[in-house]
Amino acid sequence: MKALSDKMFSGKGKSSVLTGFILISLEMIVSANTGFSISIYNVTSRNIYLRWSKFSGAFSYRITATPMNTVGHPLLAHFNDVPVIGILTSLTPNTVHTVKVEAIDKNGIILAEAQIMQLTAPEIPAIDQAYSKLSNSITVEWAAVSGATSYLLTAQDGESFIETIVINSPGTVTGLKAATLYKITIISINSGGRSLPSPSKKAKTVLAAPVLSVSSPSYDSIVVSWGAVYMAVGFSVSIMRSDGLGSMMKENTTHTSLVFTSLDPGTLYTIKAHAWNVNGIPGDDFTYNQITSPHAPSDVQVAFDSGTLRATVSWIPTEGTLNYSVTASSGASKLNCSTSSTSCTLSSLQCGFEYSVYVIANNGAGSSKPTDAVSLKTVPCAPGSITIEEDNPGKLSVSWSNVDLGDYYVVFVKSDDGLEVHCNTSHTQCHFQSDCGFTYFISVFAYNKAGQSPLGDVLNYTTAPCCPSDFYPVFVSSDTVEIVWFPVRGAEIEIRGSNTSCVSKYVATAPCSPEIKNVSQDDLSIITVHWQANNDETIYTVTARGEAGLWHCTSSGNSCSITDLPCGSVFSVSAVAITTAGQSLPSYSVPLETAPCCPNDLTVTQVMQSITNISWSVGAGAKTYITILESPKGPAKCHTFQNHCLLGCITCGTTYTVSLKVISETGLASDCTYQDYSSSACCPSGVKLYRLRNNGIRIYWRVSPGLIKYSTDLYGSKGNFTCTPTSGLSYCDVTKIPCGDVYTVVVSPVPEKGSKLAFCPKKMYSVTCSGSSVGMVIYRGKRSPEQHFSG
């Protein structure tokens, strides 16, 4: 604002202090301490519109406008108490005025006052001229107005207004309608306000430009057309090359289309057009760039690649072409390619076809006419329906079907050893020599000037194998003959079947396998095997095979015996038949189990008076054992898995027969007998103690039948004593025994061999003292024989 104010007043020599006044020009000024105020609500070039607040007691109001820094008298105006708005007129344009309002009572005394600084609007501008160069705008020219910072241009068409603010002359109003008369006014503007509108001038917009539709139907012509233009009576259209070469052609017409001919192909042209009205005034220009269609290419060449079934098409380029289209057609089949260069490759051509090839040039205007067609013959397709026949051994005949565009055929025959031969013919059949046992790979190709057909089916044909020589049997069994021969070519395939011309030989087979009917066990170590003899002049061998080893027997009949088989063993028994032709396969095996072995050692130990422990070594093949002790008084038995057993109810002083039955897991049993066993003598009964003289004790018992030797033992805390009487006696004396002790007494028979028995019952006696001598002997009871005594 400061810069703008300086510019406004510098030409008239006004002080820059006015800037501050302008800044507050539209503010309301309040009189100090009174609440009386004044404000501006509109400003023009010569008028200031203001309002003030009512003041109590005021009869009238006096308004003074004094221009600042200019020569002139203040303008004075009076208003009664009723209005609170007023207008000051006849002011100086573009000038800062001090506006003061005074509230006056009926006696003429000033009650309050308020003032404000206000800049008036610039002078009203005057339009020099208004004219239209474009159909949507009018340009206005005027003389500059002092102090104006901008101008408001208005174009009115009936009730329609279009306004534009501009900085200086000339100014243009846009957005107007073509060929329309407008009333034009202008208003000057500064920071204080706006001037009143200038006197109006009328101006009419020029005609609108015709909107062109342009095309190039051929390489040497362009057609231009357009729609009707409002208020137009004629049209002018010109055309020339866009590069400036050549001359311009111009046509005036009252129609809405024109055709320009004799143009250069593929060339960009610039087209301009405008309409004019009845006064001959031209309207807006419309400019359009259009290229003519290209000329067709020339010197089309086609190069065919038979290996890939592709063709490369080339030509001489034409001016103004963006790209080229190449088409190869054959009946309903069409192939295309497009490029911006001067060659294009047609892929996926079909064999056995004759194509018509042409090229079209294209640009934004359209396409040229097709070139003259060039003929393209592709290679023939691979021959089909190939058949191979072997008319006679050693001769192959190959035939196939005829193909289109095929001039001649070549058949290639390659054997599996790498040797290749071929046949060249214009017919559909060829003949070849062949050998036995070979595989031949056969392919047929067709040819013409374009080249070789693609590879078709490759057939293979295998001739019958050659005959083997010098074959003979090397192994013979009942159902198998193994033949050995020298290998021959082709025999490993067998595709073509067998060679029926080979010489035959005869061989005899080995005997059939015998069938074992049963196996009987004659003894623990002897078995007899029976079989069905179904061969003549045959020797049979029977084998018993087990972990213990092999045992054999041989016979020409239908049975034989195997001896010395070990006990407790499992065998697999089979038989084979043998003749001069060879040996049969083994018969089906028959399982055989021999009875379990008797243990080598057996021991009988008497544990108690009526209990005996029997133990033995393990017998081969044994699963369970039954031990038997038998006497005239009855047997004692035990059945166990273990190799020992306790037998109760044993009678003392009795001889027993000892036997052991050994049983296998399958129930086979062996009866084993051992040396007789005699139980120990019976322990004496009625054992008693009696006191003797001289501190002695007599032990008495009842003897068992027979001559038995006894041993007597006394165990006490003061000593242990033993005595052994003469055989046949039933007592024993122990002298000098300490009194005052409890003694355990046991009387045991003593066997002829071995130590005395330790399981006879024990009795307890208390021996008292009578002075220093033995006193009373008192029975205290029995003690378990299993308890041990210190001694």
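The exercises below work through confidence, packing, salt bridges and backbone geometry in one predicted model.

Residues are numbered from 1 along each chain as its sequence is written, and side-chain values use heavy atoms, with hydrogens and water left out. Because the model is predicted, local features need pLDDT of at least 70 and side-chain atom pairs count only at pLDDT 80 or more, while totals for chains, interfaces and linings use all residues.

**Exercise 1. Find where confidence in the protein chain is lowest and where it is highest.**

Step 1. Start from the chain as a whole: the mean pLDDT (the predictor's confidence in each residue, from 0 to 100) is 86, and 93% of the residues reach 70 or more.

Step 2. Go to the elements, where helices (H or I, at least four residues) and strands (E, at least two) are DSSP runs numbered from the N terminus. Helix α1 (residues 2-10) has the lowest confidence, at a mean of 32, and strand β14 (residues 181-189) the highest, at 97.

Step 3. Check the stretches with pLDDT below 50. Residues 1-30 form one of them, with 58 contacts in the model beyond near neighbours in sequence; a contact means heavy atoms within 4.5 Å. Residues 785-791 are also below 50, with 16 such contacts.

Step 4. Where pLDDT is low, the predicted coordinates should not be read in detail.

**Exercise 2. Describe the largest nonpolar core and the surroundings of Leu-50.**

Step 1. Fix the terms. A nonpolar core is a set of buried Ala, Val, Leu, Ile, Met, Phe, Trp, Tyr and Cys residues joined through side-chain atoms within 4.5 Å. Buried means under 20% relative accessible area, exposed over 50%, and partly exposed in between (1.4 Å probe, protein chains only).

Step 2. List the central members. The largest core has 21 residues, of which Phe-36, Leu-50, Trp-52, Ile-63, Leu-88, Val-99 and Val-101 touch the most other members.

Step 3. Assign the core to strands: β2 (37-43), β3 (48-52), β4 (60-67), β5 (75-80), β7 (96-104) and β8 (110-119) each supply at least two residues.

Step 4. Take Leu-50 alone. Leaving aside neighbours within four places in sequence, its contacts include Ile-38, Ile-40, Ile-63, Val-84, Leu-88, Val-99 and Val-101.

Step 5. Look for another core: a second, separate one of 20 residues includes Ile-699, Ile-708, Tyr-743 and Tyr-765.

**Exercise 3. Locate the salt bridges of Arg-62, Arg-241 and Arg-698.**

Step 1. Apply the criterion: a side-chain nitrogen of Lys or Arg within 4 Å of a carboxyl oxygen of Asp or Glu. The whole structure gives nine salt bridges.

Step 2. Arg-62 pairs with Glu-102 at 2.6 Å, N to O. Arg-62 is in strand β4 and Glu-102 in strand β7, 40 residues apart. Arg-62 is partly exposed at 23% relative accessible area, whereas Glu-102 is buried at 6%. Together with Lys-100, these two residues are linked in a network of salt bridges.

Step 3. Arg-241 pairs with Asp-264, at 2.6 Å, N to O. Arg-241 lies in strand β18 (residues 234-241) and Asp-264 in the loop between β20 (257-260) and β21 (268-276), so the pair ties together parts 23 residues apart in sequence.

Step 4. Arg-698 pairs with Asp-733, at 2.6 Å, N to O. Strand β57 (residues 696-702) holds Arg-698 and strand β60 (residues 731-734) holds Asp-733, so parts 35 residues apart in sequence are tied together. Arg-698 is partly exposed at 29% relative accessibility, and Asp-733 is partly exposed at 32%.

**Exercise 4. Inspect the backbone at Pro-170, Ser-90 and Met-231.**

Step 1. Ser-169 and Pro-170 are joined by a cis peptide bond with omega about -5 degrees. Pro-170 lies in the loop between β12 (160-166) and β13 (171-174).

Step 2. Ser-90 is not a glycine, yet its phi is positive, near 60 degrees. Ser-90 sits in the loop between β6 (85-88) and β7 and is exposed, at 64% relative accessibility.

Step 3. Met-231, also not a glycine, has a positive phi of about 70 degrees. Met-231 is in the loop between β17 (221-226) and β18 and is partly exposed, at 39% relative accessibility.
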